Amino acid sequence: MLEVVGTDAGGVAALPAPSLALVRAAQLLLAPQRLLAELGPWWREEQGAGRIPAGNPCPQLLASDRPEQIFGPLEQALAAGRPAVLLASGDPLWFGIGRLLLQRFPAAQLRFHPAPCSLQLAFARLGRPWQDASWISLHGRDPEPLAAALQKRPPALAVLTDPGRGGAEEVRRILAASGLEAAYSFWLCERLGHPAERLQRLVPGAPLPIDFDPLHLVLLIAEPPAPPADPAALPLFGLEDGLFLQHDDRPGLMTKREVRIQLLADLELPECGVFWDIGAGVGSVGLEALRLRPGLALWALEARGGSAALISENAQRLGVRPEGIHEGRAPEALAELPDPDRVLIGGGGRERAAVLAAVLQRLRPGGVVVIPLATLEALAELRPLLEQAGCQVALAQHQAWRGAPLADGTRLAPLNPVLVLKGRLPAAAG
């Protein structure tokens with residue numbers, strides 16, 4: 001039987017009594033190089049204290065950093081019935097050596113004794129529940145999955161960094177490239193479980209500690225972004241995604257910046273008139289439209305409960321005032337609104353054809369309706385309705401990429417492609 005014992009940064013001296021008993025009885029002892037150097041002195045200290053019989057020789061010590069080099073000695077020891085112990089970091093079955101051992105040895109020949117993993121320790125130190133947390137490993141991996149994970153705006157994200165590929169600095173660069181520095185607190189967690197462990201919250205733009213330890217992970221904890229000190233000082237349009245407050249249960253449910261810019265252009269916003277934002281989400285497109293055209297009367301409609309308060313808060317943050325914010329389902333709720341000059345139909349669902357039909361009955365002459373779509377099936381369903389209503393129809397697909405760190409360079413991480421369907425009614429005669 002191979003005993004696979006998890007440790008924290010405190011090493012062998014921090015092991016619980018049952019695990020220490022296994023180590024004291026071992027004849028073959030394997031460990032990462034960072035732990036191996038302390039095992040000889042620790043063994044002699046244990047013998048001096050009488051916890052190991054004086055006649056017991058120090059076990060054979062092998063470094064486990066290159067697993068392929070330990071399989072042979074392990075097989076020989078197990079065949080000879082020599083007690084063998086392998087020390088690993090945290091939980092050996094969570095991004096640890098356990099997976100490789102199970103590929104080489106029968107499961108019945110392995111017994112795992114996990115220690116708290118770094119993820120558990122990090123959230124324990126912050127005193128924050130972590131059942132809603134996501135995690136991602138960048139060890140030997142491209143950073144693209146981190147950029148994709150951030151698009152979903154998880155409430156908490158633990159990142160197992162790769163010091164050889166940029167470590168915590170790589171995470172900061174991807175967070176900034178995603179426009180989400182204001183939406184997450186950034187925690188640097190070093191040497192977790194060691195007496196010299198350290199947790200630091202780093203503010204955007206602050207340098208990493210000069211002495212930060214390669215043995216670290218990063219926690220990104222979502223928090224409401226601070227309101228702009230002066231809304232008038234914000235860019236005219238194309239605001240960062242992280243500026244908007246989000247729904248707690250669907251934090252990624254908003255139109256991304258690159259698509260938002262395109263929709264604002266396709267809407268051809270007039271100086272004044274009525275603008276319907278149907279399926280408004282957090283209000284990002286409609287509220288940016290008001291910053292461009294303050295004379296528009298914006299009516300935002302969203303079915304999700306609590307959306308009116310959220311959109312209202314985002315409006316205050318941007319210094320704009322919608323004409324009305326309603327919680328309700330289209331097309332029924334549209335009956336309460338004045339006839340529109342511009343309409344954006346967001347979201348999806350089975351009612352989108354009925355929503356578009358209701359919009360076309362109310363859209364003023366020369367009016368424009370813009371519909372972002374994710375599927376070809378939706379396009380096939382809606383385009384005929386525009387054509388039958390006599391609209392001038394335009395279609396485009398938009399794909400954007402965001403720069404993400406890659407070693408010493410930059411790679412492009414794709415956002416989801418979006419189809420944009422646009423219809424314009426003929427202007428009134430005369």
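In the predicted model, Ala108 is exposed, its relative accessible area being 67%. This residue is found in the loop that lies between helix H4 (98–104) and strand S5 (110–113). Although Ala108 and Leu2 are 106 residues apart along the chain, their C-alpha atoms are separated by 9.5 Å.

An open sheet is formed by seven strands, which follow the order S13-S12-S11-S14-S15-S19-S16 with mixed pairing. Strand S13 (324–327) and strand S16 (392–398) are the edge strands, each of them pairing on one side only, and from one strand to the next the twist averages 15°. Within this sheet, strand S11 (residues 273–278) and strand S14 (residues 342–345) run parallel and are joined by four bridges; Ile278 stands opposite Ile345 in S14. Helix H10 (residues 307–318) lies across strand S12 (296–302) and S13, and runs at about 155° to S13.

With regard to the cysteines, the count of disulfides comes to zero. Cys117 is in no disulfide, the nearest cysteine sulfur being that of Cys189, 12 Å away. For Cys189, in turn, the closest cysteine sulfur is in Cys117, and because a disulfide requires sulfur atoms within 2.5 Å, the separation of 12 Å is too far for a bond. Both residues fall under the 20% limit that defines burial: Cys117 counts as buried at 7% relative accessibility, and Cys189 is buried with a relative accessible area of 1%. Ala108, by contrast, is exposed at 67%, because the limit for that class is over 50%.

Key: Residues are numbered from 1 along each chain as its sequence is written. This is a predicted model: local features need pLDDT of at least 70, side-chain atom pairs count only at pLDDT 80 or more; totals for chains, interfaces and linings use all residues. Side-chain values use heavy atoms; hydrogens and water are left out. Two strands pair if DSSP finds at least two bridges between them. Helices (H or I, at least four residues) and strands (E, at least two) are DSSP runs, numbered from the N terminus. Axes are lines fitted to C-alpha atoms, for helices over the stretch in contact, and angles run from 0 to 180 degrees between N-to-C directions. Contact means heavy atoms within 4.5 Å. Buried means under 20% relative accessible area, exposed over 50%, partly exposed in between (1.4 Å probe, protein chains only).
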